[in-house]
Amino acid sequence: MQSYEKLLVNNKEWSKEQQKADPEYFKRLENQQTPEFLWIGCSDSRVPPNQITKTQPGQIFIHRNIANLVVNTDQNLLSVLQYAVEVLKVKHIIVCGHYGCGGVKAAMGNQSLGIIDNWLKEIKDIYRMNKSEVDSITDEKERFNKMVEVNVREQVINLAKTSIIQHAWKNGHKPYLHGWVYGLADGIIKPVCELNSDSEIDSLYRYENL
Ligand code: CO
């Protein structure tokens with residue numbers, strides 16, 4: 001059996017198990033999704049959102065990219081964000097990075113990896129702007145961990161800079177923004193920052209006419 005065929009076999013088994021445990025399972029999910037959370041995470045295969053939070057299909061709306069970036073010109077991310085906030089009306093938006101992130105590591109180094117250099121440039125900019133905070137740590141691994149946390153923090157701030165979030169904050173629906181970092185070594189998520197509609201954001205980024 002080819003490796004991909006095993007996935008299809010697994011899928012049939014899973015479907016059978018679900019129906020056995022809960023005969024209404026698929027009928028319920030087929031009708032609607034009402035997730036309370038939007039998850040913006042790294043594409044890394046070792047950080048599966050539902051598994052590490054013990055949640056089920058239907059509970060988390062998910063967007064993943066390399067190094068969990070919120071790039072304000074990314075149509076994919078912006079579409080997911082708008083749909084999650086304005087249609088699904090999620091209560092919480094979680095940006096979840098992880099220690100040992102290859103994207104962050106690459107961005108801190110000087111090797112070209114091809115087209116991804118352009119994506120990772122976002123993290124290089126964050127490193128440059130937070131250089132004294134990050135480089136004050138002498139231990140290499142600790143410095144890398146710090147940069148993972150700083151990256152998550154900046155992505156949460158990037159969310160707050162969007163008109164989508166600011167509009168929601170001003171108009172009754174007030175999603176909470178959370179920055180988390182997952183540990184590959186122990187499977188534990190560490191919360192690193194939080195923003196909500198009461199948080200101050202730099203006036204330069206504030207839209208007054210939303
Ligand atoms: Co990663």
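Colleague: What spacing do the donors of the cobalt ion follow along the chain?

Modeller: They follow C-x55-H-x2-C. Before we go on: this is a predicted model, where local features need pLDDT of at least 70 and side-chain atom pairs count only at 80 or more, while totals for chains, interfaces and linings use all residues. Residues are numbered from 1 along each chain as its sequence is written, and side-chain values use heavy atoms, with hydrogens and water left out.

Colleague: What makes an atom a donor of the cobalt ion?

Modeller: A donor is an N, O or S atom within 2.8 Å of the metal (3.2 Å for Na, K and Ca). Here Cys42 (SG), His98 (NE2) and Cys101 (SG) sit at 2.1 to 2.3 Å, so they count under the 2.8 Å limit. Water is not among the atoms, so the site may look incomplete.

Colleague: Are histidine 98 and cysteine 101 buried or exposed?

Modeller: Both are buried. Buried means under 20% relative accessible area, exposed means over 50%, and partly exposed is in between (1.4 Å probe, protein chains only).

Colleague: Why is tyrosine 25 put in its accessibility class?

Modeller: Its relative accessible area is 7%, which is under 20%, so tyrosine 25 is buried. Tryptophan 14 has 35% and phenylalanine 26 has 29%; each value falls between the two cut-offs, so both residues are partly exposed.

Colleague: How many aromatic pairs turn up in the whole structure?

Modeller: A search finds five. One of them joins tryptophan 14 and tyrosine 25, at 6.4 Å centre to centre with 85 degrees between the planes. Tryptophan 14 is in helix H1 (residues 3–21) and tyrosine 25 in helix H2 (residues 25–31), so the pair ties together parts 11 residues apart in sequence.

Colleague: Why is that pair called edge-to-face?

Modeller: Rings of Phe, Tyr and Trp (its six-membered ring) pair if their centres lie within 6.5 Å; planes under 30 degrees apart are stacked, over 60 edge-to-face, the rest tilted. With 6.4 Å and 85 degrees, the pair fits, so edge-to-face it is. Tyrosine 25 and phenylalanine 26 are also edge-to-face, at 5.0 Å and 85 degrees. Trp14, Tyr25 and Phe26 form one aromatic cluster.

Colleague: How do you know that a charge sits over the ring of tyrosine 205?

Modeller: The rule asks for NZ of Lys or CZ of Arg within 6 Å of the ring centre and within 35 degrees of the ring normal. The charged end of lysine 161 sits over that ring, 4.3 Å from its centre, so the distance is inside the limit. Lysine 131 lies over the face of tyrosine 127, at 4.2 Å from the ring centre.

Colleague: On to the sheet: what is the strand order?

Modeller: Five strands form an open, mixed sheet in the order E2-E1-E3-E4-E5. Strand E2 (60–65) and strand E5 (189–195) have a single partner each, so one side of each lacks a neighbour in the sheet. Strands are DSSP runs (E, at least two residues), helices too (H or I, at least four), numbered from the N terminus.

Colleague: How do you know that E4 and E5 pair?

Modeller: Pairing takes at least two DSSP bridges. Six bridges join E4 to E5, so they qualify, running antiparallel. Leucine 177 has leucine 195 in E5 as its bridge partner. E3 and E4 share seven bridges and run parallel, with histidine 92 opposite tyrosine 176 in E4. E1 and E3 are parallel too, over five bridges, and tryptophan 39 stands opposite isoleucine 94 in E3.

Colleague: What makes E3 count as mostly covered?

Modeller: Six of its seven residues are buried.
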